[in-house]
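Please open the structure in your viewer and keep the sequence beside it, so that each selection below can be followed in turn.

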Amino acid sequence: MSRVQHFRLPDLGEGLTEAEILQWRVKVGDEVTLNQVIVEVETAKAAVEVPSPYAGIVHEIHHLAGETVDVGAPIISVDTDPSGARLEPAAERFARDLAVEDMVPPPPAEDAGALIGEVGPGGRTATLVGYGPRTANARRRPRAHANPPTIPPHPRAATAAPPPARVSALQVGQSAAVRAGAAPVLAKPPVRKLAKELGVELSLLTGTGAGGTISRADVEAAARTAGSAAPEVSAAPAARPTPSYDPATRETRIQIRGVRRHTAAAMVSSAFTAPHVTEFLTCDLTATMELRARLQALPEFADIKVSPLLFVAKALLLAVARHPEINSSWDEAAQEIVVKDYVHLGIAAATPRGLIVPNIKDADRLPLRELALALQTLTETSRAGRTTPADMTGGTITITNVGAFGVDSGTPILNPGEAAILCLGAVRPMPWVVQAADGSQSIAVRQVTQLSLSFDHRMVDGQLGSLFLADIARVLTDPTTAFAWS
């Protein structure tokens, strides 16, 4: 007999209570495999792709794109045994569920370590990580809504068919050629994403990178050869708040949701909780820009974008090592300043969903090449709307790059919980007074930018903030300083 499993919206991180359905990747009647991404949702922190903990046929979809769903509410039902005689009617199932509870069970104990889809030692079946294993005899509590919205089962769901073969998590996302037994494709996630956008099949390329790795240049060359014009546009775009225009008032109203709502609340809290101070410093980046050109020409950086932001990030990390108190937070309850012995470097990113600040974990421990790769991956992931909640939490200090928009400077607002944020302005050719070794001065055209630092005056006084900002400028003005401080 057919067996319908009801997948409930899991807690996607940091105790979030709800999420908005952006788009479904499947429809009723589709066959899904274990760990296949079935839906994209947006929480207060980020857009998240949710995989299926079951393999089978989609029986019902309980919430449409654009709806906000509470954590623990059913979002999809999957028939894990489609060869059964019949599927239980939705009305009968929900009527039965009124008397029992089927909410998210507690975290695993003796069953910890079981893989998704496997039965652990205690008899529980492990489902989605962070969701907890489902137990067959879990007690249920009455539902808040007796008749949740449903989509009628597709006729295909009731027909007899052999159970689909399950695949491991390592197989999900690989190409058909790899699953068929061909040699695996060696390419980094950003390169895979680029290939998907340009319609390039990676399995047909020969990598020119180290060890046969496919680089961005390989993908771009293949796209030009094939005459690819532009990235493909998804046939089912993510649902976004629809602007409502009123001809009578000539006003457009856009509903505040998800990331933008969370960001607005966080910025108001930060602005009126932490006493902000902002300092400015104009510096000559000519030597850094020359170093950038030489670095980009090295084979080690051939497939990595080297931007001024990379050198600003490295300079900031070196300055943090000299002034660790700048990398701290305020504990109001304990009345303590917490100085962090690690740097989770936040990078403010503008996305269609609003401003987000993902961070690079332990950025202070990364060599320059790995830091450049982390910055590139972070930027591409943010633009694609694939930043996870884990990447958005735990930041200790932030950089915002307004120079990317041609802006010279700004007074940034602190990311909540952090003591400082550095703003990088546009790098422009400007007249600059240059002092020679003999003390003589001349005016020359140099690459100049303006740095601004906002800090929480409860933790950072004017002297500390000034020394920190000056040290960043020293490294950018004379990159050889970095060797003396390393």
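With the whole chain displayed as a surface, the accessible area comes to about 25000 Å², of which 57% belongs to carbon and sulfur atoms; such areas come from the Shrake-Rupley method with a 1.4 Å probe, and for residues only the protein chains shown count as cover. This is a predicted model, in which local features need pLDDT of at least 70 and side-chain atom pairs count only at pLDDT 80 or more, while totals for chains, interfaces and linings use all residues. Residues are numbered from 1 along each chain as its sequence is written, and side-chain values use heavy atoms, with hydrogens and water left out.

Switch next to a cartoon view, where the chain shows eleven helices and 21 strands, these being DSSP runs numbered from the N terminus (helices H or I, at least four residues; strands E, at least two).

Now select Arg8, which has its place in strand β1 (residues 4–8) and is buried, with a relative accessible area of 1%; buried means under 20% relative accessible area, exposed over 50% and partly exposed in between (1.4 Å probe, protein chains only). A polar atom of the Arg8 side chain lies 3.1 Å from the backbone oxygen of Gly72.

Move on to helix α6 (residues 286–296), in which Thr286, Thr288, Met289 and Leu295 are buried. The buried residues of α6 pack against several elements, among them β11 (276–284) and α10 (462–477).

From Thr288, select Thr480 as well: their C-alpha atoms are separated by 9.7 Å, although the two are 192 residues apart along the chain. Thr480 is found in the loop between α10 and α11 (481–485).

Technical notes:
Contact = heavy atoms within 4.5 Å. Polar contact = N/O pair within 3.5 Å; in protein donor to acceptor, adjacent residues only side chain to side chain.
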